[in-house]
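Got a minute to look at how this protein is put together? Here's a quick round of questions and answers.

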Amino acid sequence: MRYFFEIAYNGKNYAGWQSQANATGIQTVVEDALSKLLRTPIRIVGSGRTDTGVHCEQQFFHCDLEKLPFDHPTLLQKLNSFLPRDVAIPSVRRVKDDASARYDAVERTYHYRITRKKNPFKEGLAWHYFKTADVQTMNSAAALLLGEHDFECFSKVKTDVNHFLCDIKKAAWREEGDLLEFTITANRFLRGMVRAVVGTLLDVGTGKTSLKEFQAIIQSRDRKKAGANVPPYGLYLSKVKYPPSVFVKES
């Protein structure tokens, strides 16, 4: 039977989601915990990758399991006790046997968090950006991202994808005191895309790049024309959405 597990983690100590030979990925940590708990080798498939140091408030992975030896609350309690403190599994749900945590996701939402004042309680959880940036102008630029476009200009150069089209549903900045947060929602994202988008929008907000130039960057499909990637520790994968049809109603 196939299950979707919800997962959240602080990415500080991990080399992103993917299992790697020379670094610890979240995938490896979870597979080891599940395998020890269920006493059989378990392999999982994530809804997507996160880069080294990126945090996650909600992601999903799927795996196929025989009849579970525990009810869901007991499974979650035991599994979380096997995991390190910076990784948590909040929920598990039965899904259809052909459901995919990766390919059935219809929307993903990221947040990028900035503190404009040095704050020791945000260390490693938000980027301290000391320059003055015009939020209204950045929101005008962010509005140009909405809809389906080719976003190759914001993608890592070496990436294995068939196309660079993404349909962005939301892109907006919000400020609250010394905190600044960018939210972006789309059907899919390219590797390194959100950090490149944020870096380029900050160039707009500081006057380095005009709105006209920002639009030209999108149309150029040239990564060299976009801004620098912002640090990973301000980035959060915050929500992954699936159609209700993938889930199985359990009695």
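**Domains and their interface**

Over residues 141-243, the chain of this predicted model comes out at 25% helix and 30% strand, with 30 Å between the end C-alpha atoms.

Q: Which other residues does UniProt place in the feature "domain: Pseudouridine synthase I TruA alpha/beta" along with 141-243?
A: The feature comes from an unreviewed UniProt entry and is given as two stretches. One is 141-243, and the other is 8-104.

Q: How far apart are the centres of domain 1 and domain 2?
A: Start with the split: domain 1 covers 2-103 and domain 2 covers 107-238. Taken over C-alpha atoms, their centres are separated by 28 Å.

Q: Which three residues supply 49% of the area that domain 1 buries against domain 2?
A: Together the two domains bury about 1100 Å², with 44% of that on carbon and sulfur atoms. On the domain 1 side, no other three residues give more than this trio: D51, H55 and E57.

Q: What is the distance between the closest N and O atoms of E57 and R113?
A: The interface of domain 1 and domain 2 has three salt bridges. E57 and R113 form a salt bridge, which needs a side-chain nitrogen within 4 Å of a carboxyl oxygen. Their closest N and O atoms sit at 2.9 Å.

Q: How many residues on the side of domain 1 that touches domain 2 are polar?
A: Across this interface, 10 residue pairs are in polar contact. On the domain 1 side, two residues are nonpolar and four are charged, while the polar ones number eight.

Note on methods:
Residues are numbered from 1 along each chain as its sequence is written. This is a predicted model: local features need pLDDT of at least 70, side-chain atom pairs count only at pLDDT 80 or more; totals for chains, interfaces and linings use all residues. Side-chain values use heavy atoms; hydrogens and water are left out. Domain bounds come from an automatic or database domain assignment. Buried area is the accessible area (1.4 Å probe) that two parts lose on being put together, summed over both. A polar contact is a pair of N or O atoms within 3.5 Å; within protein, one must be able to donate a hydrogen and the other to accept it, and residues adjacent in sequence count only if both atoms are side-chain atoms. Ala, Val, Leu, Ile, Met, Phe, Trp, Tyr, Cys and Pro count as nonpolar, Asp, Glu, Lys and Arg as charged, and the others, Gly among them, as polar. UniProt positions are given in the numbering used here, feature names are shortened, and annotations may be inferred rather than shown by experiment. Helices (H or I, at least four residues) and strands (E, at least two) are DSSP runs, numbered from the N terminus.
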